[in-house]
Amino acid sequence: MTQSRAGTTESATESATGSATESATDSAMESAWGELVATARRTVADGLVVGTSGNVSVRVGDTVLVTPSGVPYDRLTPGDATGVDLAGRRVLGTLVPTSELPMHLAVYRADPGARAVVHTHAVHATAVSLLVDELPPVHYMTAALGGPVRVARYAAYGTDELARAMLDALADRTGCLLRNHGTVTYGTSLDQAYDRTAQLEWMCRLWLTASSVPGHSPSLLTPDQLAEVAERLRGYGQHG
Ligand SMILES: [Zn+2]
């Protein structure tokens, strides 16, 4: 684990006398917070989350902006920006960060390319997490998540144990299911992380729908077929 040394930094908001660099950082933080709030609201509007049960984060430099715990997303304002360093120490804002902070930080520590993480309790994805250890490869979007999506072993929410289980399930993947809990996806931007969650939920719904027809089992893609798609996705400049 990274032991980031951010010193005694109390708040990035105290840079009133700031240099051009600090101003640029402040403005990057402001726009990232705006995008984070918009993404969090989208998870509710699109039915992936009920109330405040999911959470979203975005990394700007060595600061991770996260949704605060227990505040409805439609009430979040620019003044509510909440940020921590990679060790989880609060460096921005006064609200309490999401209780799922250990999962978010574990992703950023494990993959320096990760810039955004989305966690939801999407109903079809969570239903699949109760049934199998891996989402069967029913569609080629499986390849966009790095391969068949695994289900992380169960652990209580907010714990380091859950973060470890999630990391195991994320090996060579950009998304996983959490048993009896929900989804985690990440990407190089909030839009990409969000889109991966939406695609994952859609694939789970597809599999549940097809596998619920009595007397039939869904046809699945072969490893060769998934490899072919992965190759083509790379060709289109998307990162699997
Ligand atoms: Zn959760």
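How are H2 and H5 oriented to each other? In this predicted model, helix H2 covers residues 101-110 and helix H5 covers residues 160-170. The two pack with their axes 8 Å apart, at an angle of about 45 degrees. That value falls outside the ranges for roughly parallel (under 35 degrees) and roughly perpendicular (65 to 115), so H2 and H5 are oblique to each other. Their crossing is right-handed. On the H2 side, the contact is made by Pro-102, Met-103, Ala-106 and Ala-110, while H5 brings in Asp-160, Leu-162, Ala-163, Met-166 and Leu-167.

H2 also has dealings with the sheet. It lies across S1 (55-60), S2 (63-66), S3 (83-85), S5 and S8, and runs at about 145 degrees to S2. The sheet itself is open and has 8 strands, in the order S4-S3-S2-S1-S5-S8-S7-S6, with mixed pairing. Out at the edges stand S4 (90-92) and S6 (151-152); each has a single partner strand, so one side of each goes without a neighbour in the sheet. Further in, S5 (residues 116-120) and S8 (residues 182-187) run antiparallel and are joined by 5 bridges. Val-118, for one, has Thr-185 in S8 as its bridge partner.

Two loop residues come with backbone angles worth a look. Most residues other than glycine have a negative phi. Asp-172, though not a glycine, has a positive phi of about 60 degrees. It sits in the loop between H5 and strand S7 (175-178), and counts as exposed because it has 9 C-beta neighbours inside 10 Å, where the cut-off for exposed is 12 or fewer. Asn-180 is another non-glycine residue with a positive phi, in this case about 55 degrees. Its place is in the loop between S7 and S8. With 11 other C-beta atoms within 10 Å, Asn-180 is exposed too.

That leaves helix H6, residues 190-211. At 1.5 Å a residue, its 22 residues should span 32 Å, and the end C-alpha atoms are indeed 32 Å apart, so expectation and model agree. As for burial, the buried residues of H6 include Leu-190, Ala-193, Tyr-194 and Thr-197, along with Leu-200, Glu-201, Cys-204 and Trp-207. Arg-196 and Met-203 are buried as well. An α-helix has 3.6 residues a turn, so residues three or four places apart point the same way. Among the buried positions of H6, Leu-190, Ala-193, Thr-197, Leu-200, Cys-204 and Trp-207 can be read along the helix with that spacing in mind.

Note on methods: Residues numbered from 1 in each chain as written. Predicted model: local features only at pLDDT ≥ 70, side-chain atom pairs only at ≥ 80, totals over all residues. Helix = DSSP H or I, 4+ residues; strand = E, 2+ residues; numbered from the N terminus. Expected span 1.5 Å × (residues − 1). Buried ≥ 20, exposed ≤ 12 C-beta atoms within 10 Å, placed from the backbone. Pairing = 2+ DSSP bridges. Contact = placed C-beta atoms within 7 Å. Axes fitted to C-alpha atoms, helices over the stretch in contact; angles between N-to-C directions. Parallel < 35°, antiparallel > 145°, perpendicular 65-115°, else oblique. Left-handed = near helix turned anticlockwise from the far one by under 90°.
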